[in-house]
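Trainee: Could we go through the surroundings of the ligand step by step, keeping to what can be computed from the atoms?

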Amino acid sequence: MYKHKIAIVGATGAVGTVFLKMLEDRKYPSELLRIFASKRSLGKKIDYLDDHLFVEEIQEDSFFDSDFVFISATTSISESIAELAVKSGAIVIDDSSAFRLSEEVPLVIPEINSKDLTAHKGIVSIPNCSTTPLAMVLACLTQLSRPLRVITDTYQSVSGTGSAAVSELLNQSKSVAVGKEVLKDVYPHQIAFNLFPHIDDLQSNGYTKEEMKMVLETKKILHRPDLEISATCVRVPVIVSHSQSVHIEFENEVKVDDAIEKLDNFPGIKILDDLNNNIYPTPLDAAGKDDVFVGRVRADSYRSNILVLWVVTDNLRKGAALNALQISDSMIEMKLVV
Ligand SMILES: NC(=O)c1ccc[n+]([C@@H]2O[C@H](COP(=O)([O-])OP(=O)(O)OC[C@H]3O[C@@H](n4cnc5c(N)ncnc54)[C@H](OP(=O)(O)O)[C@@H]3O)[C@@H](O)[C@H]2O)c1
């Protein structure tokens, strides 16, 4: 029986829409939900189960009756309202990068480090949508041998940028198809029929912020500050699901069959690996599904302590909304919220 009151900030966005759909699938009662977005959406009616919800604008007293506040808006909104929600007595589960690296804030993937939730001080962060699948694969394979070094190249969908980027890809694709001028707004380059190795701002070390999120967040989640990680993040013209090619160097030899067995038995991971029959995960396979899909598991041609894998995940589900919801489930189960 559901009893916790939930506020969703950013309910009209790419993540918020999926979050509401997941609550509908659980038949979460509408009377326990309040939804918030920007002024632009104030009063907007959103169908929910056989009822509807109305979008509200955030006020000082918006969160007084909330047990959980899920924030899926922007980093600056998270920074400006998280404290207000905590002061109102709510637990904040935040999708943005605002607090992920703060020592005070647990950064959690429940399959890996739900124990970290016990140290929460009101705010819990979810990882970046490409970090989550990488960390899950590494946590799983650590059962076989300690990973020492990881090289990952991502192929990230436009929904990772938000709903405006999805519209941009669709509009540009239509323009190309009919020979019209292609307009750019969200991205610095045309994304339709193109790709670019540029996600988020350039950092002083030559990597982008997205690439460094993968490095620093993975170390924090796995409690492995020594783990060496190098990432190249690429935006591709796909609507949903992020893919990545991952090379992992382990302390000792790891056999492909053992890795496949461990991965397939790890909660939240599913193996799709039969190249002869054209079976390996694709973004379309993963879209709308909860699992992290892994395929093309193979040994490095030169070293028996290196494995190479292909990992695909729905960025809006396990990469965002599902992980957030699983965190609240874990907190309820662990009696961290009454
Ligand atoms: N997309 C992903 O795959 C993904 C994965 C992990 C984490 N995240 C994080 O999740 C957050 C949301 O991402 P998204 O992709 O859903 O973005 P999005 O599609 O652009 O949605 C943004 C949401 O924030 C709302 N918003 C904007 N200004 C607001 C304000 N002043 N007050 C309240 N709400 C406001 C928007 O409302 P209006 O509709 O009224 O503008 C919309 O509901 C971001 O922090 C992102 O980094 C995203």
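Trainee: Of the 26 residues around the ligand, which come nearest?
Mentor: This is a predicted model, in which local features need pLDDT of at least 70 and side-chain atom pairs pLDDT 80 or more, while totals for chains, interfaces and linings use all residues. Residues are numbered from 1 along each chain, and side-chain values use heavy atoms, without hydrogens or water. With a heavy atom within 4 Å as the criterion, 26 residues surround the ligand, and those that come nearest are Thr12, Ser38, Arg40, Ser41 and Ser163.

Trainee: How far is a polar side-chain atom of Ser41 from an oxygen atom of the ligand?
Mentor: Polar contacts here are pairs of N or O atoms within 3.5 Å. Thr12 makes one through an N or O atom of its side chain, at 2.5 Å from an oxygen atom of the ligand. For the polar side-chain atom of Ser41, the distance to a ligand oxygen atom is 2.4 Å.

Trainee: At what distance from an oxygen atom of the ligand does a polar backbone atom of Ala14 lie?
Mentor: In the case of Ala14 the partner belongs to the backbone, and the ligand contributes an oxygen atom. The separation between the two is 2.8 Å.

Trainee: What share of the area that the ligand exposes when taken alone does the protein bury?
Mentor: By the Shrake-Rupley method with a 1.4 Å probe, the ligand taken alone exposes 900 Å². Of that area, the protein buries 79%.

Trainee: How many polar residues does the shell around the ligand have?
Mentor: The helices (DSSP H or I runs of at least four residues) α1 (14-25) and α9 (317-333) each supply at least two residues of this shell. By class, with Gly counted as polar, the shell has ten nonpolar residues and two charged ones, and its polar residues number 14.

Definitions and conventions
A polar contact is a pair of N or O atoms within 3.5 Å; within protein, one must be able to donate a hydrogen and the other to accept it, and residues adjacent in sequence count only if both atoms are side-chain atoms.
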